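Me: I am new to this structure and would like a close look at a single part of it, the way its helices pack and the pocket beside them. Please take me through that part in one connected account.

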Amino acid sequence: MRSYNRITNYTRHNLDFQKIQGMKIADDAVLDLGKIKNTRNPNLDEERLLSAIERKDMPYIRQASKDFYDISGIYRRICQYMAYLPTYDWMVTPYIVNENKINKEKLLQDFNNALRFVESLKIKKTFANISLNVIKNGAFYGIIRETTEGIDIQELPIDYCRSRYK
């Protein structure tokens, strides 16, 4: 078998796109690194964040997490990685209590209803988004609603919800 990897000499031309007639540099396409410091939230400093963690100031910690998520690409990728790491695979298995009193038609109907419910929930996408909200905000509150398109989980405002369990 012959190898066709052959190095050829190409002359490389440096292209300056500004020399092309009619081309103009977009002002908003130029990145000014000095502006990044001005866009950051002045409330995000290390001392205040550490004291908020000690005092368990959850509204400030949530806001700081949202700000970091918007500002820092590294923090965003870590949050997304942790949220999307599980595969959220699912399986529906019928549970039969008494084998003597099985109504096969009712069993199949209930099994199909359960499968339709789980499929309309779009578990992989829905639970990945819920996990991302849990990582960013520390909790997720939602309510299951039936719509014309199927089942939907509506997110509830975290500031107005609470959990009775630890």
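Reply: In this predicted model, helix α4, residues 73-84, and helix α6, residues 123-137, have axes that come within 8 Å and cross at roughly 135°. Because angles over 115 degrees and up to 145 are neither roughly perpendicular nor roughly antiparallel, that crossing makes α4 oblique to α6. The crossing in which α4 passes α6 is right-handed. On the side of α4, the residues that meet the partner helix are Cys79, Gln80, Met82, Ala83 and Tyr84, while α6 brings Ala128, Asn129, Ser131, Leu132 and Ile135 to the contact. Sorted by class, the residues of this contact of α4 with α6 are seven nonpolar and three polar, with no charged ones.

Helix α6 also packs with α3, at an angle of about 115° and with the two axes 8 Å apart. Here Arg62, Ser65, Lys66 and Tyr69 of α3 make the contact with Leu132, Ile135, Lys136 and Asn137 of α6, so that Leu132 and Ile135 appear in the contact with α3 as well as in the one with α4. The contact of α3 with α6 divides into three nonpolar, two polar and three charged residues, whereas the contact of α4 with α6 has no charged residues.

Helix α3, residues 58-71, has a further partner in helix α2, residues 46-55, and the axes of these two come within 9 Å and cross at roughly 135°. That angle makes α2 oblique to α3, and α2 passes α3 in a left-handed crossing. Arg48, Leu49, Ala52 and Ile53 in α2 meet Tyr60, Ile61, Ala64 and Phe68 in α3, and by class this contact holds seven nonpolar residues, no polar ones and one charged.

Returning to α6, this helix also takes part in the largest pocket, where about 220 Å³ of space lies. The lining of that pocket is made up of Ser120, Leu121, Lys122, Lys125, Thr126, Asn129, Ile130, Asn133, Phe140, Ile151, Asp152 and Ile153. The elements that give two or more residues to this lining are α6 and the strand β2, residues 151-155, and α6 gives the most, with five residues. One of the lining residues, Asn129, is also among those of α6 that meet α4. By class, the lining of the largest pocket divides into five nonpolar, four polar and three charged residues.

Conventions
Residues numbered from 1 in each chain as written. Predicted model: local features only at pLDDT ≥ 70, side-chain atom pairs only at ≥ 80, totals over all residues. Heavy atoms only, no water. Axes fitted to C-alpha atoms, helices over the stretch in contact; angles between N-to-C directions. Helix = DSSP H or I, 4+ residues; strand = E, 2+ residues; numbered from the N terminus. Parallel < 35°, antiparallel > 145°, perpendicular 65-115°, else oblique. Left-handed = near helix turned anticlockwise from the far one by under 90°. Contact = heavy atoms within 4.5 Å. Nonpolar A, V, L, I, M, F, W, Y, C, P; charged D, E, K, R; others polar. 1 Å grid on protein atoms, 1.4 Å probe; cavity = no way out; pocket = protein on both sides within 12 Å on 5 of 7 lines; lining within 4 Å. Points joined across faces, edges and corners; volume = space filled by probe spheres on them.
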